[in-house]
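Open the model in your viewer and keep the sequence panel at hand. The tour goes stop by stop, with something to select at each.

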Amino acid sequence: MKAHKKLPTSKSGQAGKSGFCGNEFLLAQLGKGCWVVGYQGKMIAGAVLSSLPAAAAYASELAHAFGSHNFLLTVVEAGRHVV
């Protein structure tokens with residue numbers, strides 16, 4: 001008997017368009033040496049870091065604090081638009 005892999009679901013029990021529902025982080029570059037961290041579509045006040053690795057580590061620590069080992073991480077460079 002094969003085990004079926006379940007997709008993560010939302011509270012309503014339906015998976016999102018991408019098949020991923022859960023912790024979603026955004027790292028956006030505001031300028032040279034200035035990265036801001038967002039969570040679930042909102043920027044986190046005070047979460048401004050000087051490098052991409054530092055911002056990624058911050059998001060990772062938050063996800064682990066929320067009890068999640070899987071999360072979506074989107075990185076946007078300065079001057080780019082998120083679609």
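Which side chain is joined to that of serine 68 by a polar contact of 3.3 Å? Select asparagine 23 and serine 68: the side chain of asparagine 23 is the partner. Keep in mind throughout that this is a predicted model.

**Stop 1: asparagine 23**

Stay on asparagine 23, which sits in the segment before S1. Now add tyrosine 39. Its side chain makes a polar contact of 2.8 Å with the side chain of asparagine 23. Is asparagine 23 buried or exposed? Its relative accessible area is 11%, under the 20% cut-off, so asparagine 23 counts as buried. Show the surroundings next. Leaving out residues up to four places away in sequence, asparagine 23 touches Tyr39, Gln40, Ala63, Phe66, Ser68, Phe71 and Leu72.

**Stop 2: glutamate 24**

Step one residue along to glutamate 24, which lies in strand S1. Here the relative accessible area is 34%; that value falls between 20% and 50%, so glutamate 24 is partly exposed. Select its contacts beyond four places in sequence: Gly38, Tyr39, Gln40 and Leu72. Then draw a distance between the C-alpha atoms of glutamate 24 and tyrosine 39. The viewer should give 5.9 Å, for two residues 15 apart along the chain.

**Stop 3: glutamine 40**

Select glutamine 40 in the loop between S2 and S3. Check its backbone: phi is positive, about 55°, although glutamine 40 is not a glycine. Glutamine 40 has a relative accessible area of 42% and is partly exposed. Both earlier stops lead here, as glutamine 40 is in the contact list of asparagine 23 and in that of glutamate 24.

**Stop 4: the largest pocket**

Turn on a pocket display. The largest pocket has a volume of about 190 Å³. Twelve residues line this pocket, and Glu24, Phe25, Leu26, Gly41 and Thr74 are the closest to its centre. Colour the strands S1 (24–31), S2 (34–39), S3 (42–49) and S4 (72–76): these are the elements that give two or more residues to the lining. Which of them gives the most? S1 does, with three residues. Recolour the lining by class to find six nonpolar, four polar and two charged residues.

**Stop 5: glycine 79**

Move to glycine 79, in the segment after S4. With a relative accessible area of 74%, over the 50% cut-off, glycine 79 is exposed. Add glycine 31 to the selection. The two glycines are 48 residues apart in sequence, yet their C-alpha atoms are 8.9 Å apart in space.

**Stop 6: the whole chain**

Zoom out and switch to cartoon. The protein chain has one helix and four strands, in the order β-β-β-α-β along the sequence. Of its 83 residues, 19% count as buried. Take the contacts between residues at least 6 apart in sequence: 35% of them join residues at least 24 apart.

**Last stop: confidence**

Colour by pLDDT. The chain mean is 77, and 69% of residues reach 70 or more. Now select residues 1–19, where the pLDDT is below 50. Beyond near neighbours in sequence, this stretch has twelve contacts in the model.

Methods:
Residues numbered from 1 in each chain as written. Predicted model: local features only at pLDDT ≥ 70, side-chain atom pairs only at ≥ 80, totals over all residues. Heavy atoms only, no water. pLDDT = per-residue confidence, 0-100. Contact = heavy atoms within 4.5 Å. 1 Å grid on protein atoms, 1.4 Å probe; cavity = no way out; pocket = protein on both sides within 12 Å on 5 of 7 lines; lining within 4 Å. Points joined across faces, edges and corners; volume = space filled by probe spheres on them. Nonpolar A, V, L, I, M, F, W, Y, C, P; charged D, E, K, R; others polar. Buried < 20%, exposed > 50% of the residue type's maximum accessible area, 1.4 Å probe, protein only. Polar contact = N/O pair within 3.5 Å; in protein donor to acceptor, adjacent residues only side chain to side chain.
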